[in-house]
Amino acid sequence: MTRTAPNPATNTAANPRLAMMLMLSATAFIAATTLMAKALGTETLGDPLHPLQISHGRFIFAFMFYASAAGIMRLQVARPAWGLHLGRTLFGWGGVSCMFAAAAFIPLSDATAISFLNPVFAMMLAIPLLGERVGPWRWAAAAIALIGALVLLRPTPDSFQPAALLALGAAVLMGMEVIFIKKLAGRERPFQILLINNGLGVCIATVAVVAVWQVPTGAQWAVLAALGLCMATAQACFINAVARAEASFVVPFTYATLVFASLYDWAVFAQVPDMISYIGAGIIISGAALLAWREALAKGRT
C-alpha cells in the first residue's frame, strides 16, 4: 500500500480527488453568495438593501464564523503584517461591494464571467507593483480575456449594460487584492489571514454602511447570515483544496462557479443566459485558462 506524500507547505497529505470536491464545493458556495446578494439587492425579499449593507452583512457574519472557530482552536495571532492586511481588505471589500451591486442588475452568469478577469488585472498590476516580467503568452491571454469582457459589456446603444461596468470594477479591485495576497503568502497561516481579513472587513464595512443603513426584514437577516456563512465556508473549502493538490490542478475547477451561477439564476429568477453571454464567458474563460497554464508552467520551471 502506497502512501500519499504530504504537502510540505501545509503538512497535509495530498489528495487530488478530495481537492477537486472541495474546490467544486467552494465554487457552489461562492455562486450562492452572489445569488443571495441579488435577492437582497432586488425586491425579492422586501425593500432592496444597498450593496454596502449587503457586503457589511457578508463580513460580519463571516467574521463571527471565524472568530468562533478561532476561540475553539485557541488561535494566537502571531505578528500580523497589518499594512498588508489593511490593503488586502480595502480592495477586497470594494470588489465584493461592486460585485454585489452588479448582481442586482445583470445576469449572474455575466457578472461571474467578468469577475474571472481579476487574475488578468492582477498580472497587469504586478508589473509596476511587484516588478514581475510578463511574456507574450501572458499578454495574449490577457487580450483574449479582455475581448470577452468587451463582448459581455454589449457596447451598442441598444444593448449596453452600464451595470456590467460595476462587475468590471470589481474585477480590477479584486486583481489589486491578489497583489496583497501574494505579498502575504508564506508570511502567516491561512486561517490567521482569513480571520484578520474578515475582522478588518467588518470595521471598514461598518463605517461605510452608516449612511445607507436600513432595518432588514426577518428574511433579509436570515439571508445575510447565510451569505456570510457561505462565504466563510467557500474560503475554508478553497484553502483546504489548495493544501491537498497542486494549484495548477485545482484552480481550473473555479470556472465551475459560472455553471452554478447560471443554474441558480435560472432556478430562482428564471433568467437564462443568451448567446452573447455564452460567447463572452467562453472567451474570458479561454483567456483566463491560458493565463493559468502559463503561470503553472512558469512555476514549474522555477
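Me: Buried means under 20% relative accessible area, partly exposed lies between that and 50%, and exposed is over 50% (1.4 Å probe, protein chains only). Why is α4 described as largely enclosed by the rest of the structure?

Reply: This is a predicted model, in which local features need pLDDT of at least 70 and side-chain atom pairs count only at pLDDT 80 or more, whereas totals for chains, interfaces and linings use all residues. Residues are numbered from 1 along each chain as its sequence is written, and side-chain values use heavy atoms, without hydrogens and water. Eight of the eight residues of α4 are buried, so this helix (a DSSP run of H or I, at least four residues, numbered from the N terminus) is largely enclosed.

Me: Which residues of α4 are buried?

Reply: They are Leu108, Ser109, Asp110, Ala111, Thr112, Ala113, Ile114 and Ser115.

Me: What makes a set of residues a nonpolar core?

Reply: Its members are buried Ala, Val, Leu, Ile, Met, Phe, Trp, Tyr and Cys residues joined through side-chain atoms within 4.5 Å. The largest such core here has 43 residues, and Leu40, Ile54, Ile106, Leu117, Leu227 and Ile284 have the most contacts inside it. Helices that each supply at least two of its residues include α1 (16-41), α4 (108-115) and α9 (218-244). The greatest contribution, six residues, comes from α6. A second, separate core has nine residues, among them Ala62, Ala70, Leu75 and Leu195.

Me: Which residues does Ile106 touch, not counting those up to four places away in sequence?

Reply: With contact meaning heavy atoms within 4.5 Å, Ile106 touches Lys38, Ala111, Gln161, Ala163, Ala164 and Ala167.
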